[in-house]
Amino acid sequence: MTDQKQELLALTPTELEDLFTALGEPRYRAKQIFPQLHRGLSPDEMTNIGKQTRARLAEATTYFLPRVRRKLVSALDGTIKYLFELADGHCVESVLMHYEHGTTICISSQVGCAMGCKFCASTIGGKVRNLTAGELLGQVIAAARDAGERVDGIVMMGIGEPLDNFDAVVRFLKLVNLPEGLNIGYRHISLSTCGLVDRIDRLAELELPITLSISLHAANDETRSAIMPVNRRWNIASLLDACRRYFAKTGRRISFEYTLIAGKNDTVQDARELALLLNRNLRTRTDTMPIHVNLIPVNEVAETGFSRADAGAVKRFAAELEKNGIRATVRRRLGADIQAACGQLRRESATDK
Ligand code: SAH
C-alpha cells in the first residue's frame, strides 16, 4: 500500500523541503528545484539533481504539465489560444493576451462548469471536475514556456467558476505570487465570479490584494435569474452586500462585468437601472466604493441562441452609465479571428472526453 502521491507542482517551498526531508534528502534541494519547476522544467530535465533524487521524487510525487493539444495564433493581435490536455485526457483553454503593459493569461479553473449561465459555452456539458492547484499553475507555466514569454498578469476568466474550486484556487494564487516562482503580483491578478456569496466572504478574509470581478449581467433579479441560475440562490441584493463587505475588508475596488445581449439587457433603460442599482447600493454617504463596469458584447455561441447587442446599443449603454457617474469600458475584443472567447474550442474538440 502506498500513500497518495503528492502533486509536485502544487507544493509550496516549505512543503517541498519537508518532502525532501521525508525522502532522506537535504532540505536545500527544494531551493534548487522550485524555480526550475516554475519555469517549466520537469524533474527529468533538471541537471542540478542526481538520478537517485529524481527517482525518489518520482516515487513520492506526480508531475504533469498541461500539453498543447491545439494552438491558435491571432493574425490580428498576436493573441494565442491554447487547448491544453490534462493527464486524464480532459481539455481546458487558456488565452495569452498582449497588452502595452505586458502579457496577461486567462486561465480555466474547472473542466466544464456547474453554474448554468444561459449564454455561456463552458457550462453546456456541466462540470466534469475541478482543476488541481498544479493544473491551474501548469497552464501559466506551460503557456509561458511554449510562447517563450514572461507572464505579467493573470485573469481567472476561462472555463469554470473559480470560487467553486476554492481551495485549489487559493493555493494557486499564493504559489504564483511567490518571488522564487513566477512572482506575479496580486495586483496583476483578477478573479471573476458569477456570485457565490459565501465564498466571496471567505476570499475577503484572506485579504489577498487581487481584483475581484463580479459577473452581474443584469440590473434586476427577474432578468438575472432568467440568464444566471445562481441568482436564485444568491440574489442581487445579497451579492452587492457581499461586495460591500469585500471592499470594506480589502479596500480593493471591484469591477462588474456586464454582457450585452440583444433584446435581453441592452437598452438605455437597462443602463439607467444598472447605474441606479450600483449607486444606491454601493455609494451611500459613508461608502465611496469606486465602481467600474466592463461591458462585453456577448460572444455568440451556437447552442445558446443569444445575439450580440449592436455597436450603437453598446455605445448608448456605456454613455448612459457614464452620465450617471459610473465608469464604463467596452471590453476590447482580442483574438476575434481565433474564437478567443472561452469554452468554444473545448466544445469544438470532438475527442474531448
Ligand atoms: N465563472 C466565472 C468566470 C468565468 S466566465 C464568472 O462567471 O465570472 C468569464 C466571463 O465571461 C464572465 O463574466 C462570464 O459571464 C462571461 N461570459 C460567459 N459566456 C460569455 C459569452 N458567450 N459572451 C460574453 N461573455 C461571456
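Let us start inside the protein, at Asn-231, which is buried, with a relative accessible area of 3%. Because the cut-off for calling a residue buried is under 20% relative accessible area, Asn-231 qualifies with its 3%. Keep in mind as you look around that this is a predicted model.

Where does Asn-231 sit? You will find Asn-231 in helix H8, which covers residues 230–233. Its side chain has polar company: a polar contact of 3.0 Å links it to the side chain of Asp-221, and another, of 2.9 Å, links it to the side chain of Arg-224. If you set aside the neighbours within four places in sequence, the residues in contact with Asn-231 are Asp-221, Arg-224, Ser-225 and Ile-236. Asp-221 and Arg-224 thus turn up again in this contact list, so it is worth displaying their side chains together with that of Asn-231.Now move to Lys-81, which belongs to strand E4 (residues 80–85). Is Lys-81 buried or exposed? Lys-81 is buried, with a relative accessible area of 0%. The side chain of Lys-81 makes a polar contact of 2.7 Å with the side chain of Glu-93. Lys-81 can also be viewed alongside Leu-96: the two are 15 residues apart in sequence, and their C-alpha atoms are 6.3 Å apart in space.

Strand E4 has a partner. Strand E3 (residues 67–73) runs antiparallel to E4, and six bridges join the two. To see the pairing for yourself, pick out Arg-70, which stands opposite Leu-83 in E4. Between the strands of this hairpin lie six residues, and in the hairpin Gly-78 takes a positive phi near 75 degrees.

A glycine with a positive phi also appears elsewhere: just after helix H1, Gly-24 has a phi of about 75 degrees. That brings us to H1 itself, made of residues 13–22, where Pro-13, Leu-16, Glu-17, Leu-19 and Phe-20 are buried. How are the buried residues of H1 arranged when seen down its axis? They fall within an arc of 160 degrees, so they line one face of the helix. What do these buried residues pack against? Their partners are two strands, E1 (6–7) and E2 (61–62), along with two helices, H2 (29–39) and H3 (51–60).

Conventions: Residues numbered from 1 in each chain as written. Predicted model: local features only at pLDDT ≥ 70, side-chain atom pairs only at ≥ 80, totals over all residues. Heavy atoms only, no water. Helix = DSSP H or I, 4+ residues; strand = E, 2+ residues; numbered from the N terminus. Buried < 20%, exposed > 50% of the residue type's maximum accessible area, 1.4 Å probe, protein only. Polar contact = N/O pair within 3.5 Å; in protein donor to acceptor, adjacent residues only side chain to side chain. Contact = heavy atoms within 4.5 Å. Arc of directions from axis to C-beta. Pairing = 2+ DSSP bridges.
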